[in-house]
Amino acid sequence: MSSTRTPGTGDGSAPLLTVLPTAPGTGPAPAPERADAARNRRKILDAAGRIVAEKGPDAVTMNQVAHASGIGVGTVYRRFGDVSQLLWALLDDRERRFQEAYMSGPPPLGPGAPAEERLDAFLDALVDRVAEQRAILLAAHSAAPRARYHSGAYQVMHTHAAMLVSRLRPDADAALLAHLVLAPFAPDLLHHLAVEQALPADRIKAGVRELLTLRA
């Protein structure tokens, strides 16, 4: 899975990157999107997101997305190729929004708040994000459990968490602790807690905070 990095925010936060797979050696970056193409892309992704939310990722077909978005099926195919690429693009789109929120959005999730408040806000937002994308993330995790740790999205979250941990505990092994801080957010565990155990998001968030203070 390739990634494209852009400069960070200047406060030690991780850079934005793309998690959508691209073919190697495909030449220079494409020209900026036309306004009508960008609108069509947004409609297609929004339609795919609604289908996933209502019926799950297995229910997504190119024809259904075309009908729900009001975009011709030929355009949907030309833009995304197949359902797999469309779902990756949907995940990438949501991941970009999440990254923008914790790297350049308003505090406490974004820069400007103390590290402890930013870490709490980041972990709370991560609970919400995994819940929102649970179906797709769980499907991807089930297909390749270890792939999560090599994805661009995880690497950016890990860098961000390590930066916050290093500010809270300058002498700690921030890289290791960041992995352990992110461990509870594996899609299968959160699915078990939220669906099989029927725990509300607020209780999961409170549990994560309590876990981080057990030996404080």
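This report describes a buried arginine and an aromatic cluster in a predicted model.

## Basis of the model

The model is predicted, with local features requiring pLDDT of at least 70 and side-chain atom pairs pLDDT 80 or more, while totals for chains, interfaces and linings use all residues. Residues are numbered from 1 along each chain as its sequence is written, and side-chain values use heavy atoms, leaving out hydrogens and water.

## Surroundings of Arg148

Arg148 belongs to the loop between helix 6 (134-143) and helix 7 (152-168); helices are DSSP runs of H or I with at least four residues, numbered from the N terminus. Arg148 is buried (under 20% relative accessible area, 1.4 Å probe, protein chains only), yet forms no salt bridge, defined as a side-chain nitrogen of Lys or Arg within 4 Å of a carboxyl oxygen of Asp or Glu. The nearest side chain of opposite charge, Asp188, is 7.1 Å away.

The Arg148 side chain does reach the backbone oxygen of Leu182, at 3.2 Å. Beyond neighbours within four places in sequence, its contacts (heavy atoms within 4.5 Å) are Tyr154, Leu182, Phe185, Ala186 and Pro187.

## Aromatic cluster

The structure contains 4 aromatic pairs, with ring centres within 6.5 Å and planes under 30 degrees apart for stacked, over 60 for edge-to-face and the rest tilted. Phe98 and Tyr102 are edge-to-face because their centres lie 4.9 Å apart with planes at 75°. Both residues are in helix 4 (residues 83-104), 4 residues apart, or about one helical turn.

Phe98 is buried at 8% relative accessible area. The rings of Phe98 and Phe122 are stacked, with centres 5.9 Å apart and planes at 10°. Because Phe122 lies in helix 5 (residues 115-132), this pair ties helix 4 to a part 24 residues away in sequence. Ring pairs thus link Phe98, Tyr102 and Phe122 into a cluster.

How values were computed
Helices (H or I, at least four residues) and strands (E, at least two) are DSSP runs, numbered from the N terminus. Buried means under 20% relative accessible area, exposed over 50%, partly exposed in between (1.4 Å probe, protein chains only). Lys and Arg count as positive and Asp and Glu as negative; His and the chain ends are not counted. A polar contact is a pair of N or O atoms within 3.5 Å; within protein, one must be able to donate a hydrogen and the other to accept it, and residues adjacent in sequence count only if both atoms are side-chain atoms. Rings of Phe, Tyr and Trp (its six-membered ring) pair if their centres lie within 6.5 Å; planes under 30 degrees apart count as stacked, over 60 as edge-to-face and the rest as tilted.
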